[in-house]
Amino acid sequence: MRKVAEEIIKAKFCIALTGAGISTESGIPDFRSKDGLWSRYDINEYGYLHSFLKNPAKVWKMLAEMAELFEKVKPNPAHYALAELEKLGLLKAVITQNIDGLHQEAGNKKVIEFHGSFNTLTCLNCGKKYSKEKIDLKNLPPRCSCNGILKPDIVFFGEPIPTKALNEALELANKSDLILVIGTSCAVYPAAALPIIVKRKGGKIIEINREESELSYLADYKLLGKAGEILPKVVEEVKKLMKNRLQKIQ
Ligand code: NAD
């Protein structure tokens, strides 16, 4: 924990890559949980763009349930710890694969939503944008005033990463000398390539996961356990070290 805190203080450009695991303690299941949303909705049937286009009403049933869940949940100590690291000037950005908006709600200002966001929807017919609040989820699928079907601006499997998010994330990873990899199995590309870019350029990887991920073999430090318990402790250690250093200078 102390070594990790030292690395964070020492780093010139530290970023974080987060995944579904950072939000499980807020009550949003990840892909691997036994009794979550995704155990009831087969990802192969519901997670692909072609599944949405084939049967939007069916996929919207899952999306509406997700939207309802996102309304209820709150950030957990892991989200707040990252917001505090940003406030301390030690974290330059969070690149998240999540679509739940919890990093922003916790107070992080620089958040790249790599897999898009549930806050806005686009009409597949005319391209008109809607905000989530304006959508009536009683009649599925929701439709545009032109009668086209609305799709949330999230990235389904088979869809490209939004260009702006991809470019920003690549730029950040190329600048970074330290990446915190939190709550992600690192199984989904191109998000999982970001820690590899940092490592290839001579940077370090700190992994905080409940169990090892597909990129654990590359990690310089592994803190295995719950992010909501580990991250606040890391931030406490960081603050202790900063205070000690300040006292030495004075
Ligand atoms: P994943 O389900 O493949 O992996 C989650 C990882 O988090 C696992 O390695 C697991 O061990 C770890 N984990 C679970 N709970 C944890 C905790 N409390 N503390 C630390 N680690 C914990 O998720 P992924 O890698 O993000 O990739 C899957 C895709 O699923 C992403 O594209 C993401 O957009 C999407 N997704 C998003 C949400 C969300 O927005 N909250 C939820 C589910 C899935």
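**Ligand site and domain layout**

A backbone N or O atom of glutamine 97 lies 2.3 Å from an oxygen atom of the ligand. The model is predicted. Taken alone, the ligand exposes 860 Å², and the protein buries 96% of that area. The protein chain is divided into domain 1 (1-28 + 75-115 + 161-250) and domain 2 (29-72 + 117-154), and the shell around the ligand draws at least three residues from each of these domains.

**Backbone contacts to the ligand**

- Alanine 20 has a backbone N or O atom 2.7 Å from an oxygen atom of the ligand.
- For glycine 183, a polar backbone atom is 3.2 Å from a ligand oxygen atom.

**Shell and pocket**

- The ligand is surrounded by 27 residues, of which Glu25, Gln97, His115, Thr184 and Ser185 come nearest.
- Gln97 is thus listed among the nearest residues, and the backbone of this glutamine also supplies the 2.3 Å approach to a ligand oxygen atom.
- By residue class, the shell divides into eight nonpolar, twelve polar and seven charged residues.
- The largest pocket is the space taken by the ligand.

**Domains**

- Domain 1 is made of the segments 1-28, 75-115 and 161-250, while domain 2 is made of 29-72 and 117-154.
- The centres of domain 1 and domain 2, taken over C-alpha atoms, are separated by 28 Å.
- Twelve residues from domain 1 and ten residues from domain 2 take part in the contact between the domains.

Conventions:
Residues are numbered from 1 along each chain as its sequence is written. This is a predicted model: local features need pLDDT of at least 70, side-chain atom pairs count only at pLDDT 80 or more; totals for chains, interfaces and linings use all residues. Side-chain values use heavy atoms; hydrogens and water are left out. A residue is near a molecule or strand if one of its heavy atoms lies within 4 Å of it. A polar contact is a pair of N or O atoms within 3.5 Å; within protein, one must be able to donate a hydrogen and the other to accept it, and residues adjacent in sequence count only if both atoms are side-chain atoms. Accessible areas come from the Shrake-Rupley method with a 1.4 Å probe; for residues, only the protein chains shown count as cover. On a 1 Å grid over the protein atoms alone, a cavity is a set of points where a 1.4 Å probe fits but cannot get out, and a pocket is an open set with protein on both sides within 12 Å along at least five of seven lines; lining residues have an atom within 4 Å of a point. A molecule sits in a cavity or pocket if more than half of its atoms lie within 2 Å of its grid points. Ala, Val, Leu, Ile, Met, Phe, Trp, Tyr, Cys and Pro count as nonpolar, Asp, Glu, Lys and Arg as charged, and the others, Gly among them, as polar. Domain bounds come from an automatic or database domain assignment. Contact means heavy atoms within 4.5 Å.
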